[in-house]
Amino acid sequence: MEYAMLPLAFACVILAGFEVLARLVVPVMGNVLTRTMQDKSRRSVPVQSSHHDKFDAVDWLCITFSRCITVPFVYHLLVYCCVSPCVLWPGGAGGNNDNFPQNMPAALFTADGFVDANAAIVEFLAENVIAGNATKVVTAGATKTAWDANLGKTTSAIVHYAVSVILMYVTYDFFYYWFHRTLHLRSLYKFVHKHHHRQHAPTRGNLDAINVHPFEFICGEYNHLLAVSLVGNGMRAAGLGGVPIGAILTFVVLGGALASLNHTRFNVRFGAFSRLYSFAHPKKGGATPAYEVAAHDVHHRLPTKNYGQYLMIYDMMFGSYERLVDKTSSSKSM
Ligand SMILES: [Zn+2]
Ligand SMILES: [Zn+2]
């Protein structure tokens, strides 16, 4: 009973965080990231199709469902992070470590012999993360550990973090690509994904992004958990321990921002794979970013192109990639 208020407080924090991300982080990110682009003409995605102006009751029902489902999703992700040995926490602990479940305190088990997830989260965060970090800070101060001695450790931690984030997006989008492409099969399209394609020129960011059929939203959210689990287990099997909790946080929060940005006119892009594409498709010319808001805009106009959510690498690989051709300016510039 001591955790009775926890679900309500948890839900409020997640829903509030979701709104901050949607209303503040996404527009700020869009503005800041596009302002650094030298070519001003490519800072925004031109509107080339009709805009779904007014939401009806079905739209709002879908949007409300999507918001609500975020709460259990984050909860399940948190449970996974607290009990999985494939997730690395700052205190040096990996989930409930290899102790799970044999050496976990008896208080964390219910009468039926199952682990009480709420109790496990609270116990883990309090004992391993908060207390663990406090001890670490005190110890570090007492022994005056030099920065130089930690430099190698810090560098490898940053590389581990960055590789984890990239691998999670690459893994996520592999499953998302085929899931999305399947939803576009003629026999299935009208049952699920057609709703999202009411919008031919998304502008509302998060609202247009989460305006999807509930089945699609649930699969999309839990695909993040699948990616975390696969990359975590892979890294653990490779002797790297697992995925850092910071990388998971980045993957999920930045992912939410990027999926929302995909439905704005800020043409944010990251170009890590551009050379790869221009090498593979020399006749199509020009560099092409791995992530580009314009690419998803093309998908809303040409539904059999650009199925990826975050990355266009699978579209490039499996032949469904289509770059934006701006009809309002010279197409040669693209
Ligand atoms: Zn979309
Ligand atoms: Zn689609």
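The legends below describe close-up views of one predicted model.

**View 1. The chain as a whole, from which the later close-ups are taken.** In this predicted model, the chain holds eleven helices and four strands. The chain has 334 residues, and buried residues make up 31% of them. If one considers the contacts between residues at least 6 apart in sequence, 67% of these contacts join residues that are at least 24 apart.

**View 2. The largest nonpolar core and a second core that lies apart from it.** The largest nonpolar core contains 48 residues, and those with the most contacts inside this core are Val87, Met168, Tyr169, Val243, Ile248, Leu311 and Met312. Helix H4, which covers residues 147-183, supplies the largest share of this core, namely six residues. Apart from the largest core lies another core, of six residues, and among them are Ile63, Ala209, Ile210 and Phe217.

**View 3. Met312 and Asn306, two residues in contact with each other.** When neighbours within four places in sequence are left aside, Met312 is in contact with Ala290, Glu292, Ala295, Asn306 and Tyr321. One of these partners, Asn306, lies in the loop between helix H10 (293-301) and helix H11 (313-318). Asn306 counts as buried because 27 C-beta neighbours are found inside 10 Å. The phi angle of Asn306 is near 55°, which is a positive value in a residue other than glycine. As background to that value, most residues other than glycine have a negative phi.

**View 4. The packing of helix H1 against helix H2.** As a general guide to this view and the next two, two packed helices are described by the angle between their axes and the distance between the axes. Helix H1 (residues 6-35) and helix H2 (residues 57-83) pack at an angle of about 120°, and their axes are 9 Å apart. The two helices H1 and H2 are therefore oblique to each other, and H1 passes H2 in a right-handed crossing. On the side of H1, the contact is made by Phe10, Ala11, Ile14, Leu15 and Phe18, while H2 contributes Arg67, Thr70, Val71, Val74 and Tyr75. Sorted by class, the residues of the contact of H1 with H2 comprise eight nonpolar, one polar and one charged.

**View 5. The packing of helix H2 against helix H7.** Helix H2 also packs with helix H7 (residues 214-237), at an angle of about 20° and with the axes 9 Å apart. Because an angle under 35 degrees counts as roughly parallel, H2 is described as roughly parallel to H7. The crossing of H2 and H7 is right-handed. The residues of H2 in this contact include Cys62, Phe65, Ser66, Ile69 and Thr70, and those of H7 include Pro214, Phe217, Ile218, Glu221 and Tyr222. By class, the contact of H2 with H7 has twelve nonpolar, four polar and one charged residues.

**View 6. The packing of helix H1 against helix H8.** Helix H1 and helix H8 (residues 245-261) pack at an angle of about 75°, with a separation of 10 Å between their axes. That angle makes H1 roughly perpendicular to H8. From H1 the contact takes in Leu21, Ala22, Val25, Val26, Met29 and Gly30, and from H8 it takes in Val253, Gly256, Ala257, Ser260 and Leu261. This contact of H1 with H8 has eight nonpolar, three polar and no charged residues.

**View 7. Gly205 and residues far from it in sequence.** Gly205 is placed in the loop between helix H5 (186-189) and helix H6 (206-209). With 23 C-beta neighbours inside 10 Å, Gly205 counts as buried. Not counting residues up to four places away in sequence, Gly205 touches Ala22, Val26, Ser260, Leu261, His263 and Thr264. Although Gly205 and Pro27 are 178 residues apart in sequence, their C-alpha atoms are 8.4 Å apart in space.

**View 8. Val74 and Leu167, each shown with a partner from elsewhere in the chain.** Val74 is found in helix H2, and Val74 is buried, with 20 other C-beta atoms within 10 Å. The C-alpha atoms of Val74 and Val252 are separated by 9.3 Å, while 178 residues separate the two along the chain. Leu167 lies in helix H4 and counts as partly exposed, with 19 C-beta neighbours inside 10 Å. Leu167 and Phe251, which are 84 residues apart in sequence, are 9.7 Å apart in space from C-alpha to C-alpha.

Technical notes. Residues are numbered from 1 along each chain as its sequence is written. Chains are lettered from A and ligands numbered from 1 in the order in which they are written. This is a predicted model: local features need pLDDT of at least 70, side-chain atom pairs count only at pLDDT 80 or more; totals for chains, interfaces and linings use all residues. A nonpolar core is a set of buried Ala, Val, Leu, Ile, Met, Phe, Trp, Tyr and Cys residues joined through C-beta atoms within 7 Å. A residue is buried if 20 or more other C-beta atoms lie within 10 Å of its own, exposed if 12 or fewer, and partly exposed in between; C-beta atoms are placed from the backbone. Two residues are in contact if their C-beta atoms, placed from the backbone, lie within 7 Å. Axes are lines fitted to C-alpha atoms, for helices over the stretch in contact, and angles run from 0 to 180 degrees between N-to-C directions. Angles under 35 degrees count as roughly parallel, over 145 as roughly antiparallel, 65 to 115 as roughly perpendicular and the rest as oblique. A crossing is left-handed if the near helix is turned anticlockwise from the far one by less than a right angle, and right-handed if clockwise. Ala, Val, Leu, Ile, Met, Phe, Trp, Tyr, Cys and Pro count as nonpolar, Asp, Glu, Lys and Arg as charged, and the others, Gly among them, as polar.
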